[in-house]
Amino acid sequence: MSGFGVDPWWLVLAKVLAVFGFLVLTVLFAIVIERKVLGHMQMRPGPNRVGPKGWLQSLADGIKLALKEDIMPVNADRVIYTLAPIISVVPAITAFAVIPFGPEVSIAGHRTALQLADLPIAVLFILAMSSIGVYGIILAGWSSGSAYPLLGGIRSTAQVISYEVAMGLAFASVFLYAGTMSTSGIVAAQDRVWFAFLVMPSFLVYVTAMVGETNRAPFDLPEAEGELVGGFHTEYSSLKFALFFLAEYINMATVSALSVTLFLGGWHAPWPVNMWAGAEQGWWPLLWFTAKLWGFIFIYIWLRATLPRLRYDQFMALGWKVLIPVALVWVLVAAAMRSARNDGYPHWEVVLIAISTVTALTLVIALHRKFSTVRGYPRVAVPPTPAAPAARVSAVSGGFPTPPLPQHRTSTITAIKEDARG
């Protein structure tokens with residue numbers, strides 16, 4: 001961390017613009033790639049009209065949203081209604097400031113780290129920014145003056161309370177092994193073995209919690225189009241709605257980058273590429289970091305294409321009855337193994353990797369059985385009942401439940417009267 005705070009002002013400004021540009025480009029490509037991948041998985045064409053093979057579709061959608069009429073509900077709290085999208089998007093961008101993209105490089109003769117800033121408690125800073133961003137969703141639901149957005153905001157509150165506890169416990173295992181909360185220090189501690197192998201249950205807990213934290217399918221309950229129309233942003237339009245959309249995808253990139261930093265070695269090259277001497281020098285680490293980041297974004301897309309939305313009781317049970325107990329128990333296991341390492345016991349890493357793998361497989365199998373088995377009331381033998389006589393259906397109306405056409409309404413009423421007489 002001694003290298004931070006000594007960069008000239010123009011280099012700091014260049015880093016800020018580079019991080020902001022990286023996030024905006026990631027959002028633009030993520031939207032169109034998501035639509036193309038979903039189309040491919042569902043055997044239908046994705047966007048293919050705007051730009052070469054449809055690659056400018058997300059840019060066209062953004063311009064369209066910015067030019068649409070901005071409508072504000074009559075009963076809305078105007079100040080909070082306007083500030084809510086800003087509160088959502090600004091913390092999402094700010095959290096990326098402490099993510100390390102790579103080692104020190106030379107830019108215009110100055111040696112600088114590929115990271116905007118670093119803090120002794122950088123991970124807690126990211127967690128705090130993600131918590132503040134959820135206030136935008138809650139305030140948007142309350143300030144709209146409508147029932148459906150309010151329900152979406154309440155759901156988001158419960159979602160944050162449930163899944164940030166599990167996320168924080170997953171971080172604790174990483175802190176135990178890295179010995180620091182600094183993101184650059186955590187990446188440096190994974191130069192030999194990635195923490196995803198050492199604390200695999202915590203890794204699985206974090207991946208599940210990050211999907212719930214970003215309100216993505218199958219945990220998109222604050223939006224829930226089938227239940228709440230659009231959830232917390234039902235009453236939003238134009239640029240304000242675009243900001244919520246931007247915040248969602250930037251949050252996806254932020255939590256994915258944090259997962260790469262904490263569990264997958266950050267900018268360190270994967271095996272067997274790391275056997276090349278120059279794989280972790282210069283600008284190459286930026287490529288490895290970006291590839292890992294997009295791997296997590298693909299997982300988001302994959303989940304949306306394959307899993308239906310969970311019921312709310314299933315969502316709460318998963319957070320409180322599964323994720324939090326598993327994360328808490330694994331913190332105790334990680335602390336015991338860390339003590340064994342400090343006492344000089346050999347082969348502690350091999351033992352920990354084996355225990356992590358077995359525990360993670362057991363957890364995955366248990367969750368698969370829990371959410372894939374049809375659970376209902378026990379079957380009770382019911383004696384057969386005599387078949388009811390077939391009801392007469394009017395040929396004019398087309399049969400129930402198709403309503404009659406206006407020109408056939410009179411004849412339908414006549415037919416119903418004849419059926420009643422019969």
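In the predicted model, helix 4 and helix 5 meet through residues contributed by both elements. On the side of helix 4, the contact involves V123, L124, L127, S130, S131, V134, I137, I138, G141 and W142. Their partners in helix 5 are P149, L150, G153, S156, T157, V160, E164, M167, F171 and F175. By class, this contact comprises 13 nonpolar, 6 polar and 1 charged residues. The two axes approach within 8 Å and cross at roughly 170°. Because angles over 145 degrees count as roughly antiparallel, helix 4 and helix 5 are therefore assigned to that class.

A second helix pair is formed by helix 10, which spans residues 238–263, and helix 11, which spans residues 284–306. Here the axes come within 9 Å, with a crossing angle of roughly 125°. Helix 10 and helix 11 are therefore oblique to each other, and the crossing of helix 10 past helix 11 is right-handed. Helix 10 enters the contact through Y249, M252, A253, V255, S256, A257, S259, V260 and T261, while helix 11 supplies F289, K292, L293, F296, I297, Y300 and R304. The residues of this contact fall into 11 nonpolar, 3 polar and 2 charged.

The loop between helix 10 and helix 11 contains P272. The peptide bond that joins W271 to P272 is cis, with an omega of about 5°. A further backbone feature occurs at M43, in the loop between helix 1 and helix 2. Although M43 is not a glycine, its phi is positive, at about 55°. Both features depart from the common pattern, because most residues other than glycine have a negative phi and most peptide bonds are trans.

A search of the whole structure for enclosed space identified 1 cavity of 30 Å³ or more. The volume of the largest cavity is about 300 Å³. Its lining consists of 26 residues, and those closest to the cavity centre are I137, E213, T214, A247 and N251. At least two lining residues come from each of helix 4 (122–143), helix 5 (147–178), helix 8 (200–213) and helix 10. The greatest contribution is that of helix 10, with 9 residues. In composition, the lining of the largest cavity includes 15 nonpolar, 8 polar and 3 charged residues. I137 is thus placed among the residues closest to the centre of the largest cavity and is also listed in the contact of helix 4 with helix 5.

Open space was also examined. The second largest pocket holds about 590 Å³. A total of 23 residues line this pocket, and I31, S58, G62, L65 and F245 lie nearest its centre. Helix 1 (9–41), helix 2 (57–67) and helix 10 each provide at least two residues of this lining. The largest share is that of helix 1, which accounts for 8 residues. Grouped by class, the lining of the second largest pocket has 16 nonpolar, 2 polar and 5 charged residues.

Helix 10 recurs across these results. Helix 10 is in contact with helix 11, gives the most residues to the lining of the largest cavity, and supplies at least two residues to the lining of the second largest pocket.

Methods
Residues are numbered from 1 along each chain as its sequence is written. This is a predicted model: local features need pLDDT of at least 70, side-chain atom pairs count only at pLDDT 80 or more; totals for chains, interfaces and linings use all residues. Side-chain values use heavy atoms; hydrogens and water are left out. Axes are lines fitted to C-alpha atoms, for helices over the stretch in contact, and angles run from 0 to 180 degrees between N-to-C directions. Helices (H or I, at least four residues) and strands (E, at least two) are DSSP runs, numbered from the N terminus. Angles under 35 degrees count as roughly parallel, over 145 as roughly antiparallel, 65 to 115 as roughly perpendicular and the rest as oblique. A crossing is left-handed if the near helix is turned anticlockwise from the far one by less than a right angle, and right-handed if clockwise. Contact means heavy atoms within 4.5 Å. Ala, Val, Leu, Ile, Met, Phe, Trp, Tyr, Cys and Pro count as nonpolar, Asp, Glu, Lys and Arg as charged, and the others, Gly among them, as polar. On a 1 Å grid over the protein atoms alone, a cavity is a set of points where a 1.4 Å probe fits but cannot get out, and a pocket is an open set with protein on both sides within 12 Å along at least five of seven lines; lining residues have an atom within 4 Å of a point. Grid points are joined across faces, edges and corners, and a volume is the space filled by probe spheres set on the points.
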